[in-house]
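Got the viewer open? Let's take a walk through this one together, stop by stop.

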Amino acid sequence: MAETRIDEDGHLLLPREVREYLALNPGDRLDLVIQDNGDVVIKSNLRDVRDLKGILPTTSKRVSIAEMNRVIRLRGSKRQ
């Protein structure tokens, strides 16, 4: 367990071991969750992109990389 303190301005100082474990950088956001038993849990709200796999419905239509690039070029040229 890591101990911390709150400074005069109400800022919570996270120990290095916690920042490293959560892979936090300056500007990152944290979620503070108050549990039913009164405990407060600090969680990183950063997600690994692999966690997003499966959240969208699958489709039977397959699109090649070349087709994706073609559509990107077409849409990009319409913004001028």
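**First stop: a pair of charges**

Select Glu67 and Arg70 and show their side chains: the two form a salt bridge, with the closest N and O atoms 2.9 Å apart. Bear in mind as you look that this is a predicted model.

Now colour helix α2, residues 65–77. Glu67 and Arg70 sit three residues apart in that helix, so about one helical turn separates them. Switch on the surface next and check both partners. Glu67 is partly exposed, at 31% relative accessibility. Arg70 is also partly exposed, with a relative accessible area of 37%.

How many salt bridges does a search of the whole structure find? Just one, and you have the Glu67–Arg70 pair on screen already.

**Second stop: all the charges**

Keep the side chains on and colour them by charge. The chain carries 15 positive and 13 negative side chains. If you mark the centre of each set, the two centres lie 20 Å apart.

**Third stop: a loop**

Select Ala23. You'll find it in the loop that runs between α1 (16–21) and β1 (30–34). Leaving aside residues up to four places away in sequence, Ala23 touches Asp28 and Leu46, so add those two to the selection and see how they meet Ala23.

Then pick Ile34 and draw a distance from C-alpha to C-alpha. Ala23 and Ile34 are eleven residues apart in sequence, and the line between them spans 22 Å.

**Last stop: the whole chain**

Zoom out and switch to cartoon. You should be able to pick out two helices and two strands. Follow the sequence along and the pattern reads α-β-β-α. The radius of gyration is 21 Å, well over the 12 Å that the globule rule gives for 80 residues, so the chain is more spread out than a compact globule.

Turn the model to see its extents: along the principal axes, the C-alpha trace spans about 55 × 35 × 20 Å.

Which share of the chain counts as buried? Colour by accessibility: of the 80 residues, 5% are buried, where buried stands for under 20% relative accessible area. The accessible surface of the chain comes to about 8,100 Å², and 52% of that belongs to carbon and sulfur atoms.

For a final look, turn on contacts between residues at least 6 apart in sequence. Of these, 5% join residues at least 24 apart.

Definitions and conventions:
Residues are numbered from 1 along each chain as its sequence is written. This is a predicted model: local features need pLDDT of at least 70, side-chain atom pairs count only at pLDDT 80 or more; totals for chains, interfaces and linings use all residues. Side-chain values use heavy atoms; hydrogens and water are left out. Helices (H or I, at least four residues) and strands (E, at least two) are DSSP runs, numbered from the N terminus. Contact means heavy atoms within 4.5 Å. A salt bridge is a side-chain nitrogen of Lys or Arg within 4 Å of a carboxyl oxygen of Asp or Glu. Buried means under 20% relative accessible area, exposed over 50%, partly exposed in between (1.4 Å probe, protein chains only). The radius of gyration is taken over C-alpha atoms; the globule rule is 2.2 Å times the number of residues to the power 0.38. Accessible areas come from the Shrake-Rupley method with a 1.4 Å probe; for residues, only the protein chains shown count as cover. Lys and Arg count as positive and Asp and Glu as negative; His and the chain ends are not counted. The place of a charge is taken as NZ of Lys, CZ of Arg, CG of Asp or CD of Glu.
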